[in-house]
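Here is a set of questions and answers on one protein model. Have the sequence and the structure open as you read.

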Amino acid sequence: MSRYLMIDFGSTFTKLTAVDTEKEDIIATASHFTTVDTDITIGYNNALKVLAEKLGEENPKFDRIIGCSSAAGGLKMAAIGLVLELTVEAARRVCLGAGAKVELSFSHHLTNADVDKIIEKKIDIILLSGGTDGGNDECVLFNQKMLCERGIKIPIIFAGNKNCTDEIKAMAEKYGMNEYYCENVMPRLNVLNIDNARDRIRKIFLENIIVAKGIKKIEGEIDRLILPTPESVLRAATLLADGYMHESGLGEIVLVDIGGATTDMYSICSASAKRSDVVIKGLEEPYAKRTVEGDLGMRYSALGVLSSLTEEEIRMIDEDEGVDLKKELLYRHEHVDTVPNTPEQVKIDRIMGRICVDKAISRHAGRMEEMYTPMGMLYNQFGKDLSKVNFVIGTGGVLVHNENPEKILSAVEYSINKGLELRPRSPRYMLDKDYILAAMGLLAEIDPLLALKIMKKHIVKI
C-alpha cells in the first residue's frame, strides 16, 4: 500500500489531495489560502492541518508528495514571432501548452515600447521565434539584437529559423544573455512543432521561475514541484480522453475551467477534417490544445465579460433575464470577494458563466468558410472541428456551486446563428465537482492507471 499527496499551489488557494493506492481512491482533500507573498509554507502547513483532522491522524505520512503551481500570477510569457497568424500563433500555442499565460504577443520588428511592456509586465520567459527553417532571418536577428541591447536578463528561448542559431548564440554570448535554444516551433509553413520548446519551458519553470516567485521555499516540505498547474490539468484531460492500458478513456472531450480572472478551454481531439467536402487551412492544430481567455472571468475580469458583449446582446439579456447586467458586472469587478447567497446573485453568476463559456468556445473552436467551385460548394476549415466531441467537462466555482451546471456548460453548443463555428453538436456533460483534475495530472506522473480510475469515479455526469 502507498499513499500519495498532490498539492496545487494556486493563486488564491493551496489545495491538497490525498490518495490511497490500496483503496484506489481519494481519502481526503483540504485547502487554505495561499501565502506566497509571505512564506508559501504557511498556507501549505495550514492546509495540512485540515487534512490531518479529516484523516484522523496527528502527523499523516505519505510515500510521495508532489506539487504544481500557478501561484504568484502563474507562469507569464511573451511570444515573439514574424507573422501574427503563423509564427506568433505557433509560439503562443507552445506557451499555452506548457501551462503558461501569454501576457504579450509581438509580430514583426520589436520596438522600444514593446520591450518596455515586457519589463513592465514582469514577464517570466520570452519565446523568440520567427521564420521557417531556411526562411526569413532578418526579423528574428533584429529582435534578438533589440532584446540584447536593452539588457533583458530574463530567460529567452530561441525557437525560430535554425539557420540563425549561430548568430543568435554569438549575440547572446556578447551581451551575457540568459538564452536557451530549441527546435523551430514552425519548421515548415503551417507545421507546428511543440514538444521541444514546451519541455524547455517546463525545465526553466522548475529551475528558475519557482525560485524567483518564492515557491522554492517549499522544497524542504515536499518531494518536488513538477508542473505549472494548467499543464497538469492538460495532462489529466488527455489521460481521461485517451485511457491507459486496459482502462478505456472517454474519447474526444472539451474541458471548460471558469475562474475569477480567466476562462481556460481545453480540447482533446483530432484536428483532421470530419467531412469529405472540407479542406484544412492555416496553422496545424495540436491534438491536446489549451487556450486562455484573460478577459473572461467571474470577478477580476468581470469588465472583460462586459466588453465582450455588444450593446444589443446586453439589452437582450437585460430584457430576457430581468437584470441590469452592466451594474451587476461592475459590482463584481469592484467586489471580487462576492459570494452569491441569494437566488438573484446565483442567477447573475449563471448568466456570467454562460457568457464566459460562449465567448471562450468561439475563440477556441475552428470555423468554416464557404467556397464556391465548379464542383459545387466546398468548405475551408480553419482550426479544430469540435462538432463530434463526446463529453464537455466543467470545473470552477460557478459550475460546482450551481444547482444547474449544465445550463452554463450548454453555451458551448452549436447554434444556427453561429453556423460556421465548429462547436460541439450533441455532447454529454460532466462535472469535476471535487476539483481533482490538477491533482490527477500530478498523480499521472506516478501512476497513470490509478489517476484514470479515480477521475472516472469522481468526474460525474450531469
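Two strands pair if DSSP finds at least two bridges between them. The model discussed here is predicted.

Q: What is the strand order of the open sheet of three strands?
A: The pairing in this sheet is mixed. Its edge strands, β13 (278–281) and β15 (367–373), each pair on one side only. From one strand to the next, the twist averages 30°. The order is β13-β16-β15.

Q: Which residue of β16 stands opposite Lys-281?
A: β13 and strand β16 (residues 376–382) run parallel. Four bridges join them. The residue opposite Lys-281 is Phe-382.

Q: In what order do the six strands of the other open sheet lie?
A: Pairing in this sheet is mixed. The edge strands are β14 (288–293) and β19 (460–461), each pairing on one side only. The order is β14-β12-β11-β17-β18-β19.

Q: Is strand β11 largely enclosed or largely open?
A: β11 covers residues 253–258. Buried means under 20% relative accessible area. Five of the six residues in β11 are buried, so the strand is largely enclosed by the rest of the structure.

Q: How many residues lie between β11 and β12 in their hairpin?
A: The two strands run antiparallel and are joined by six bridges. Ile-258 stands opposite Thr-263 in β12. The number of residues between the strands is four.

Q: Do β11 and β17 pair in the parallel or the antiparallel sense?
A: Strand β17 spans residues 391–395 and shares five bridges with β11. Ile-253 stands opposite Phe-391 in β17. The sense is parallel.

Q: Which residue in β14 stands opposite Ser-267?
A: Strand β12 (residues 263–268) is joined to β14 by six bridges. These two strands run antiparallel. Opposite Ser-267 is Lys-289.

Q: Which residues touch the most other members of the largest nonpolar core?
A: Nonpolar side chains tend to be buried together in soluble globular proteins. Here the largest core has 50 residues. Elements that each supply at least two of its residues include β1 (3–9), α1 (40–55) and α6 (195–212). The residues that touch the most other members are Leu-5, Phe-9, Tyr-44, Leu-51 and Leu-127.

Q: How many residues are in the second, separate core?
A: Its members include Ala-236 and Tyr-266. Leu-442 and Leu-452 also belong to this second core. Its residue count is 37.

Q: Are α10 and α11 roughly parallel or roughly perpendicular?
A: Helix α10 (residues 325–334) packs on helix α11 (residues 343–364), with the axes 11 Å apart. The angle is about 90°. Angles of 65 to 115 degrees count as roughly perpendicular. Therefore α10 relative to α11 is roughly perpendicular.

Q: How many residues of the contact of α10 with α11 are nonpolar?
A: From α10, Leu-325, Glu-328, Leu-329 and Arg-332 take part. They meet residues of α11 including Ile-348, Met-352 and Ile-355. One residue of the contact is polar and three are charged. The nonpolar count is six.

Q: Why does Lys-418 count as buried?
A: Lys-418 sits in the loop between α13 (405–409) and β18 (428–431). Leaving aside neighbours within four places in sequence, Lys-418 is in contact with Asp-358, Ser-362 and Arg-423. The cut-off for buried is under 20% relative accessible area. Lys-418 counts as buried because its relative accessibility is 19%.

Notes: Residues are numbered from 1 along each chain as its sequence is written. This is a predicted model: local features need pLDDT of at least 70, side-chain atom pairs count only at pLDDT 80 or more; totals for chains, interfaces and linings use all residues. Side-chain values use heavy atoms; hydrogens and water are left out. Buried means under 20% relative accessible area, exposed over 50%, partly exposed in between (1.4 Å probe, protein chains only). Contact means heavy atoms within 4.5 Å. A nonpolar core is a set of buried Ala, Val, Leu, Ile, Met, Phe, Trp, Tyr and Cys residues joined through side-chain atoms within 4.5 Å. Axes are lines fitted to C-alpha atoms, for helices over the stretch in contact, and angles run from 0 to 180 degrees between N-to-C directions. Angles under 35 degrees count as roughly parallel, over 145 as roughly antiparallel, 65 to 115 as roughly perpendicular and the rest as oblique. Ala, Val, Leu, Ile, Met, Phe, Trp, Tyr, Cys and Pro count as nonpolar, Asp, Glu, Lys and Arg as charged, and the others, Gly among them, as polar.
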